[in-house]
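Colleague: Please show me the model and then take me through its arrangement, one question at a time.

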Amino acid sequence: LNVFCIMDQISLVTARVVRRNEQYGYKLKGKGEQYLVRHQEGENAGDKVVEYLQPFAIEPIIIEAVRLEKGVDFLNQEEERERIYKCTVAYIVLNESTGKESKVRKGMYLYADDCQEALNCVEKSYGLAESAGVVSIAQTKIIELI
């Protein structure tokens, strides 16, 4: 497989942010917003989100959840688009020492404008053949990669 791997860890952070709606002059109710955060081991992903959102918030930002996304890549992080998709691929790996095949599932996130573009990106990155395939692909509610 030919995949660009990130040495950083990726966490999914949900933050409650209250913003002011300047057009109408009233406070918007805080809601949970999701962000993917690249960070080094030992760094607090929630703190990175708070620092990023601080200029836009009028009340303290509350981190509701932080979940480390183990074994997940972000394929095309340099091609920032409107939407982030999550995809899972499955493929077969041959253990050369035992001669046994095992099925592997790999999760990834990527930027795309639609499902077809996301699928094309995954196929291009993984060079999917007959022994591999996309198991699932879905648009997420993640706002952006920090």
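**From one loop residue to the whole chain**

Colleague: In which loop is the place of I61?

Modeller: I61 is found in a loop that lies between α1 (45–53) and β5 (62–68). Helices (H or I, at least four residues) and strands (E, at least two) are DSSP runs, numbered from the N terminus. This is a predicted model, in which local features need pLDDT of at least 70, side-chain atom pairs count only at pLDDT 80 or more, and totals for chains, interfaces and linings use all residues; residues are numbered from 1 along each chain as its sequence is written, and side-chain values use heavy atoms, leaving out hydrogens and water. The place of I61 is thus the loop between α1 and β5.

Colleague: Is I61 buried or exposed?

Modeller: Buried means under 20% relative accessible area, exposed over 50%, and partly exposed in between (1.4 Å probe, protein chains only). The relative accessibility of I61 is 12%, so I61 counts as buried.

Colleague: Which residues is I61 in contact with, leaving aside its neighbours within four places in sequence?

Modeller: Contact means heavy atoms within 4.5 Å. With the neighbours within four places in sequence set aside, the contacts of I61 are A15, R16, V17, V50, L53 and Q54.

Colleague: What pattern does the protein chain follow along the sequence?

Modeller: The protein chain contains two helices and 10 strands. Read along the sequence, their pattern is β-β-β-β-α-β-β-β-β-α-β-β.

Colleague: Of the contacts with a separation of 6 or more, what share is accounted for by residues 24 or more positions apart?

Modeller: The protein chain has 146 residues, of which 36% count as buried. Among its contacts with a separation of 6 or more, the share from residues 24 or more positions apart is 69%.

**Strands and cores**

Colleague: Why is strand β1 largely enclosed by the rest of the structure?

Modeller: Strand β1 covers residues 9–17. It pairs with β5 in the antiparallel sense over six bridges (two strands pair if DSSP finds at least two bridges between them), and R16 has I62 in β5 as its bridge partner. Strand β1 is largely enclosed because, of its nine residues, the number buried is seven.

Colleague: Over how many bridges do β7 and β8 pair?

Modeller: β8 pairs in the parallel sense with strand β6 (residues 72–74) over three bridges, and F74 stands opposite Y109 in β8. In the hairpin of β7 and β8, six residues lie between the strands, and G99 takes a positive phi near 80°. L94 has E101 in β8 as its bridge partner. The pairing of β7 and β8 is antiparallel, and its bridges number 12.

Colleague: Which elements each supply at least two residues of the largest nonpolar core?

Modeller: A nonpolar core is a set of buried Ala, Val, Leu, Ile, Met, Phe, Trp, Tyr and Cys residues joined through side-chain atoms within 4.5 Å. The largest one has 12 residues, including L75, Y85, M108, L110 and V122. The elements that each supply at least two of its residues are β7 (83–94), β8 (101–112) and α2 (115–126).

**Salt bridges**

Colleague: How many residues apart in sequence are the parts that R16 and E64 tie together?

Modeller: A salt bridge is a side-chain nitrogen of Lys or Arg within 4 Å of a carboxyl oxygen of Asp or Glu, and the structure holds seven of them. One joins the side chains of R16 and E64 at 2.6 Å, N to O. Because R16 lies in strand β1 and E64 in strand β5, the pair ties together parts whose separation in sequence is 48 residues.

Colleague: Is E69 buried or exposed?

Modeller: The side chains of E69 and R67 meet in a salt bridge of 2.8 Å, N to O. R67 has a relative accessible area of 45% and is therefore partly exposed. E69 has a relative accessibility of 8%, so E69 counts as buried.

Colleague: Which residues are joined into one network by salt bridges that share partners?

Modeller: R81 and D113 form a salt bridge with an N to O distance of 3.8 Å. R81 is in the loop between β6 and β7 and D113 in the loop between β8 and α2, so the pair ties together parts 32 residues apart in sequence. Through shared partners, salt bridges form one network of E79, R81, D113 and E117.
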